[in-house]
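Please open the model in your viewer and keep the selection tool at hand, since each stop below begins with something to select.

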Amino acid sequence: MSISIPAVPLLSARGLTRRYNGRGGCAGVDIDIYPGEVLCIVGESGSGKSTLLNALALRTPANEGTLTYRTAEHELLDLVTLPMPRRRKLARTDWGFVHQNARDGLRHGVSAGANIGEPLMANGARHYGKLRETASDWMSQVELDAARIDELPAAFSGGMQQRLQIARNLVTRPRLVFMDEPTAGLDVSVQARLLDLLRTLTGKLHLAALIVTHDIGVARLLAHRLIVMKDGRVVESGLTDQVLDDPQHPYTQTLVASVLPA
Ligand SMILES: Nc1ncnc2c1ncn2[C@@H]1O[C@H](COP(=O)(O)OP(=O)(O)OP(=O)(O)O)[C@@H](O)[C@H]1O
Ligand SMILES: [Mg+2]
C-alpha cells in the first residue's frame, strides 16, 4: 500500500508520557500523523496502546511532553495548553473517536438516525429533513439498511452497531479519527467486512486514522505505517510492509513470527 505523505503532520507528539501513579501507561512517545494516513499502534495487551491513544485524543491528561495539532486553516495549536472550550470544539468538528465497544460510543435511548444526526446538531444543523436525509445516506455508506433508521441501536447486531458508531463519527467529516480496537470482539467474517469498509472510507474521505490493534492482520490490511509498543514505549516504527516483512526489534520479530502459519 503506498501513499505520498505531505510534509506537514496533522498531529505531533514529542516525549508524550502518561503514567498512572508513576507506573504503566506510556512514556516518551514521539509520533506524527499526516493527513490521509492510516497509522496503526500495535503491541501486546498492557503495552500502553489505549493510554497513548487517549492521551493523543485529549481524553486523558499527559504528565509530560508536547502535543500539537495543525488546523485546516494552518493554525498550529498547542493542545497541552489549549483552553477546554477549544478542545471540545476540536473534538466535535475535526476529530472522531471510535470505541472498541459500540456500547460506549452510541446513545442507546435514541434511534440509529438520531445517533447519526446528533453530532451534526451539536455543530449547529437544524433542518430536520436534511438531517434525516444525511443520516439515511450515512447508513447506506456504512452498509446498513436505511429503512431501519428509526430503530434503536439494540435492534442491530454487534457488527452493525460498530458500523453505526463509525457513521456517527464520520458524519461531521472529521480530518482525524481515533479508533481503539474497532474490530475486536466481532466474529471473523464480520471483522473482515468492517475492515473492508474502514479501508474504503478512509481512502474515499482522505481521512487520517490512528487505529489501535493487537492484531497484526488488521494492521497489515489497514495501515500505511505502524508503530510497535512494548512496556509503554515505542520500540519500532515505519512503513507497514517494511516493519512486518523485515522487523528490526526482537519484540516485533516475535510479534510477527507468532502470527505466521507454522
Ligand atoms: N486507569 C488506570 N489506572 C492504573 N493503571 C492503568 C490504567 N489504565 C491502564 N493502566 C496500566 O497501564 C498499562 C498500559 O495499559 P493500556 O490499557 O494502555 O494498554 P493496552 O496496550 O491498551 O492493553 P490492551 O491491549 O489490553 O487494551 C498497563 O500496565 C495497565 O495496567
Ligand atoms: Mg487497550
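The tour goes from the whole chain to its domains, then to the core, the ligand and a few loops.

**The whole chain**

Begin with everything displayed as a cartoon, bearing in mind that this is a predicted model. Colouring by secondary structure should bring out ten helices and ten strands, and the C-alpha atoms fill a box of roughly 55 × 50 × 40 Å when taken along the principal axes. The radius of gyration is 18 Å, which agrees with the value near 18 Å for a compact globule of 262 residues. Of these 262 residues, 41% count as buried, and among the contacts with a separation of 6 or more, 66% join residues that are 24 or more positions apart.

**The two domains**

Next, select residues 11–94 together with 175–257 in one colour and residues 108–173 in another, which gives domain 1 and domain 2 of the domain assignment. Their C-alpha centres lie 25 Å apart, and eleven residues of domain 1 are in contact with eleven residues of domain 2. To see the domain 1 side of this contact, select helix H2 (84–93) and helix H7 (188–204), each of which supplies at least two residues to that side. The largest share, five residues, comes from H7, and by class the residues on the domain 1 side divide into eight nonpolar, one polar and two charged.

**The nonpolar core**

Now turn to the interior, with the background that in soluble globular proteins nonpolar side chains tend to be buried together. The largest nonpolar core has 70 residues, and those with the most contacts inside it, which are worth showing as sticks, are Ile33, Cys40, Ile41, Leu56, Ala167, Phe178 and Leu210. This core draws at least three residues from each of domain 1 and domain 2. If you centre the view on Cys40, and leave aside residues up to four places away in sequence, you will find Cys40 touching Ile211, Thr213, Ala219, Leu222, Ala223 and Leu226.

**Helix H4**

Staying with buried residues, select helix H4, residues 112–122, in which Ala112, Gly113, Asn115, Ile116, Gly117 and Leu120 are buried. Which helices do the buried residues of H4 pack against? Adding helix H5 (128–141) and helix H6 (158–170) to the display shows the two partners of those buried residues. H4 is followed by Gly124, whose phi is positive, near 105 degrees.

**The shell around ligand 1**

Select ligand 1 and then the residues around it, which are Tyr20, Gly24, Gly25, Gly43, Ser45, Gly46, Ser47, Gly48, Lys49, Ser50, Thr51 and His214. By class, this shell has one nonpolar, ten polar and one charged residues. Strand S2 (23–33) and helix H1 (49–56) each supply at least two residues of the shell, while the largest share, three residues, comes from H1.

From the shell, keep Gly48 selected and add Asp231, whose C-alpha atom is 6.7 Å from that of Gly48 although the two are 183 residues apart in sequence. Asp231 has its place in the loop between strand S9 (225–230) and strand S10 (233–239), and Asp231 counts as partly exposed because 14 C-beta neighbours lie inside 10 Å.

**Two loops with positive phi**

Most residues other than glycine have a negative phi, and the next two selections depart from that pattern. Select Asn21, which is not a glycine but has a positive phi of about 50 degrees, in the loop between strand S1 (11–20) and S2. Is Asn21 buried or exposed? Asn21 is exposed, because there are 6 other C-beta atoms within 10 Å, and the cut-off for exposed is 12 or fewer.

Then move to Glu181, also with a positive phi of about 50 degrees although it is not a glycine, which is found in the loop between S7 and H7. With 19 C-beta neighbours inside 10 Å, Glu181 counts as partly exposed, since a residue is buried if that number is 20 or more.

Finish with Gly185, found in the loop between strand S7 (176–180) and H7. Gly185 is partly exposed, with 14 other C-beta atoms within 10 Å. A distance drawn from the C-alpha atom of Gly185 to that of Ala208, 23 residues apart along the chain, should read 24 Å.

How values were computed. Residues are numbered from 1 along each chain as its sequence is written. Chains are lettered from A and ligands numbered from 1 in the order in which they are written. This is a predicted model: local features need pLDDT of at least 70, side-chain atom pairs count only at pLDDT 80 or more; totals for chains, interfaces and linings use all residues. A residue is near a molecule or strand if its C-beta atom, placed from the backbone, lies within 6 Å of it. Helices (H or I, at least four residues) and strands (E, at least two) are DSSP runs, numbered from the N terminus. Ala, Val, Leu, Ile, Met, Phe, Trp, Tyr, Cys and Pro count as nonpolar, Asp, Glu, Lys and Arg as charged, and the others, Gly among them, as polar. The radius of gyration is taken over C-alpha atoms; the globule rule is 2.2 Å times the number of residues to the power 0.38. Two residues are in contact if their C-beta atoms, placed from the backbone, lie within 7 Å. A nonpolar core is a set of buried Ala, Val, Leu, Ile, Met, Phe, Trp, Tyr and Cys residues joined through C-beta atoms within 7 Å. Domain bounds come from an automatic or database domain assignment.
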